[in-house]
Each structure stands twice: as structure tokens, then as C-alpha cells.
Amino acid sequence: MPKQEDYLAKLEGYLAQIDEWGYCYCRNCERIRYSSDLEATEQGIRCSKCGGYDLEAPGWVYCPHEKSSAVKCARAGKGIKRGEYGSECELRCNFRKP
Ligand SMILES: [Zn+2]
């Protein structure tokens, strides 16, 4: 039954994606969701708290609050604005686990 195999391959792909993300941003909950709060379904990756698929993928950026090196930002640097005195991020994301 190729259908079932397709389905499993898809799920595996989504699970791998969740693993790679580690965390992402749920637009519906307006907060960061870690991989333990994410689920893979046939439709894609969803937030297990709200059941929504409206997730933003993280991206590597130079965050103004982390001077040293690039960080994996759950908002992929969407909050970073360039100002007169350098860049600032207007989001208080706190994406790292305490
Ligand atoms: Zn959510």
C-alpha cells in the first residue's frame, strides 16, 4: 500500500523538521513553542496547545541582544530594526529554555 508509506514518509519528514527547529513561533498562541509542544500530522507541523498550523520557522540571525555570534531566533530576526545607533530587536523573545 503505497498510500500508507507516503503518509509515514511525510510524517517522518515533519518530525525531522521539528527536530531541526528545536523551537518555533506559534502565531496563534503568540508564543514560542518548543519541540515537545509540536506535533507532526498529515497536514504538516502543528502546535499541540492550540492545534494550529500557523507556525513561523526559526532562522539564524545576528541578534542585537546576543552580541557574540549568530543565534537561532524563533522569529528569524523579524523584530530586528536598524536604528541610528546600530540594530535593536523590539521583540523580547527569550527563546532559550531557562
Ligand atoms: Zn499554538
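## Close-ups of a two-domain predicted model

**View 1. Two domains, side by side.** The domain assignment splits the protein into domain 1 (1–57) and domain 2 (58–92). Keep in mind that this is a predicted model. How far apart are the C-alpha centres of domain 1 and domain 2? They lie 25 Å apart. Where the two domains touch, domain 1 puts in eight residues and domain 2 puts in six residues. On the side of domain 1 that touches domain 2, strand β1 (residues 23–26) gives the largest share, with three residues. Sorted by class, that side of domain 1 has six nonpolar residues, one polar and one charged.

**View 2. The whole chain, before we zoom in further.** Count the elements and you get one helix and nine strands. Starting from the N terminus, the order is α-β-β-β-β-β-β-β-β-β. The C-alpha atoms fill a box of roughly 60 × 25 × 25 Å along the principal axes. The radius of gyration is 16 Å, while a compact globule of 98 residues would come out near 13 Å. How much of the protein counts as buried? The figure is 17% of the 98 residues. And if you take the contacts between residues at least 6 apart in sequence, 36% of them join residues at least 24 apart.

**View 3. A hairpin made by β3 and β4.** Here, strand β3 (residues 38–41) and strand β4 (residues 44–47) run antiparallel, and four bridges join them. Together β3 and β4 make a hairpin, with two residues between them. To pick out one bridge, find E39 and look across to its partner in β4, R46. While you are looking at strands, here is a handy rule: in a regular strand, side chains alternate between the two faces of the sheet.

**View 4. E30 and A76, two residues with positive phi.** Most residues other than glycine have a negative phi. E30 goes the other way, with a phi near 55 degrees. You'll find E30 in the loop between β1 and β2 (31–34). Is E30 buried or exposed? E30 counts as exposed, because it has 8 C-beta neighbours inside 10 Å, and 12 or fewer is the cut-off for that label. Now hop over to A76, which isn't a glycine either but has a positive phi of about 50 degrees. A76 sits in the loop between β7 (71–73) and β8 (80–83). With 16 other C-beta atoms within 10 Å, A76 is partly exposed.

**View 5. Y34 in strand β2.** Look for Y34 in strand β2. Y34 has 14 other C-beta atoms within 10 Å, so it is partly exposed. Which distance separates the C-alpha atoms of Y34 and G79? They are 19 Å apart in space, and 45 residues apart along the chain.

**View 6. G86 in strand β9.** Our last stop is G86, found in strand β9 (residues 86–89). G86 is exposed because it has 7 other C-beta atoms within 10 Å. Now trace back to L15, which is 71 residues from G86 along the chain. The C-alpha atoms of G86 and L15 are separated by 38 Å.

Technical notes:
Residues numbered from 1 in each chain as written. Predicted model: local features only at pLDDT ≥ 70, side-chain atom pairs only at ≥ 80, totals over all residues. Buried ≥ 20, exposed ≤ 12 C-beta atoms within 10 Å, placed from the backbone. Domains from an automatic or database assignment. Contact = placed C-beta atoms within 7 Å. Nonpolar A, V, L, I, M, F, W, Y, C, P; charged D, E, K, R; others polar. Pairing = 2+ DSSP bridges. Rg over C-alpha atoms; globule rule 2.2 N^0.38 Å.
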